[in-house]
Amino acid sequence: MTRRHLLGLIAVGSGMGLAACNSSSGPAATSDKDGGAREPRADAANIRQMLVYRDPECGCCEAWADIARAAGYTVTVENRSDMPAVKAQYGVPDELASCHTAIVGGYAIEGHVPMPHVAKLLRDKPRDIRGIAVPGMPRGSPGMEMPDGSTDAFEVMAFAGDGKVAQFRA
């Protein structure tokens, strides 16, 4: 990533943050009985709305959110310093954790998942999984592209509420 690209992402992120502060619109979220936010409803009106929780210190999360926007999702980014709590709230297993957690269509998308996998998840709507994940931050995954083109092998994994984990293919 070049310094110019990084500065551009920071500028875009800052502008979006200011816009979010002035906007009451966003994914149709519900609240639990304690007043905490839960995932957006998975109805047809907001299936393309995505809420991305990210650590404010991480820059690659915005790059992944930009890829989601380019794929046609309406993305809202929320900076959170308590990312382990966010992951626990949405049932992301510790071994699948990455830097950001997105919620779309009632599913959790953990880390740098390619958009074809997200599209398949939303198209098929499997009832037996809570979400999909790319563990860690593998080089060459969406949002983690390297200037030298280097890549790490990675798999997209599905996770269920009962703790089961399996490979998820697009």
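**Figure 1. Overall view of the predicted protein chain and its surface.** The accessible surface of the protein chain comes to about 9,100 Å², of which 53% belongs to carbon and sulfur atoms. The model is predicted, and the protein chain averages a pLDDT of 80, with 73% of the residues scoring at least 70. Over residues 1-42, however, the pLDDT is below 50, and this stretch has 45 contacts in the model beyond near neighbours in sequence. Four helices and nine strands make up the secondary structure of the protein chain, and along the sequence they follow the pattern α-β-β-β-α-β-α-β-β-α-β-β-β. Of the 170 residues of the protein chain, 39% count as buried. Among the contacts with a separation of 6 or more, 56% are accounted for by residues 24 or more positions apart.

**Figure 2. The seven-stranded sheet.** Seven strands form an open sheet of mixed pairing, in the order β4-β3-β5-β6-β7-β8-β9. The edge strands are β4 and β9 (165-167), each of which pairs on one side only, and from one strand to the next the twist averages 25°. Strands β3 and β4 pair in the parallel sense over six bridges, and within this part of the sheet Q49 stands opposite T74 in β4.

**Figure 3. Strand β6 and the two strands beside it in the sheet order, β5 and β7.** Five of the five residues of β6 are buried, so this strand is largely enclosed by the rest of the structure. With β5, strand β6 pairs in the antiparallel sense over four bridges, and T101 stands opposite E110 in β6. The hairpin of β5 and β6 has two residues between the strands, and in this hairpin G105 takes a positive phi near 60°. Four bridges also join β6 to β7, but here the two strands run parallel, with A108 standing opposite G131 in β7.

**Figure 4. Helix α2 against the sheet strands β3, β4, β5 and β6.** Helix α2 lies across these four strands and runs at about 165° to β4. In this helix, which spans residues 60-70, the buried residues are C60, C61, E62, A63, W64, A65 and A68. The helix is followed by G72, whose phi is positive, near 100°.

**Figure 5. Helix α4, its cover and the residue that follows it.** Helix α4 packs on the sheet, where it touches β3, β5, β6 and β7, and its direction makes about 165° with that of β6. Its buried residues are M115, H117, V118, K120, L121 and L122, and what covers them includes helix α2 together with β3, β5, β6 and β7. K125 follows α4 and has its place in the loop between α4 and β7; its phi is near 50°, a positive value in a residue other than glycine.

**Figure 6. The largest nonpolar core, with Y73 among its residues of most contacts.** This core has 23 residues, and those with the most contacts inside it are M50, Y73, V75, I109, V118 and I132. The elements that give two or more residues to the core are β3 (49-54), α2, β4 (74-79), β5 (100-104), β6 (107-111), α4 (115-124) and β7 (131-134). Of these, α4 gives the most, with four residues. Leaving aside residues up to four places away in sequence, Y73 touches R48, M50, A68, V104, M115, V118, A119 and L122. A second, separate core of 12 residues includes Y53, M83, A108 and M157. In soluble globular proteins, nonpolar side chains tend to be buried together.

**Figure 7. The surroundings of A133 in strand β7.** A133, which has its place in strand β7, counts as buried because its relative accessibility is 0%. Residues up to four places away in sequence not being counted, A133 touches L96, E110, V113, E155, V156, M157 and F159. One of these contacts, V156, lies 23 residues from A133 in sequence, yet the two are 5.5 Å apart in space, C-alpha to C-alpha.

Terms used: Residues numbered from 1 in each chain as written. Heavy atoms only, no water. pLDDT = per-residue confidence, 0-100. Contact = heavy atoms within 4.5 Å. Buried < 20%, exposed > 50% of the residue type's maximum accessible area, 1.4 Å probe, protein only. Areas by Shrake-Rupley, 256 points an atom, 1.4 Å probe, with all protein chains shown as cover. Core = buried A, V, L, I, M, F, W, Y, C linked by side-chain atoms within 4.5 Å. Pairing = 2+ DSSP bridges. Axes fitted to C-alpha atoms, helices over the stretch in contact; angles between N-to-C directions.
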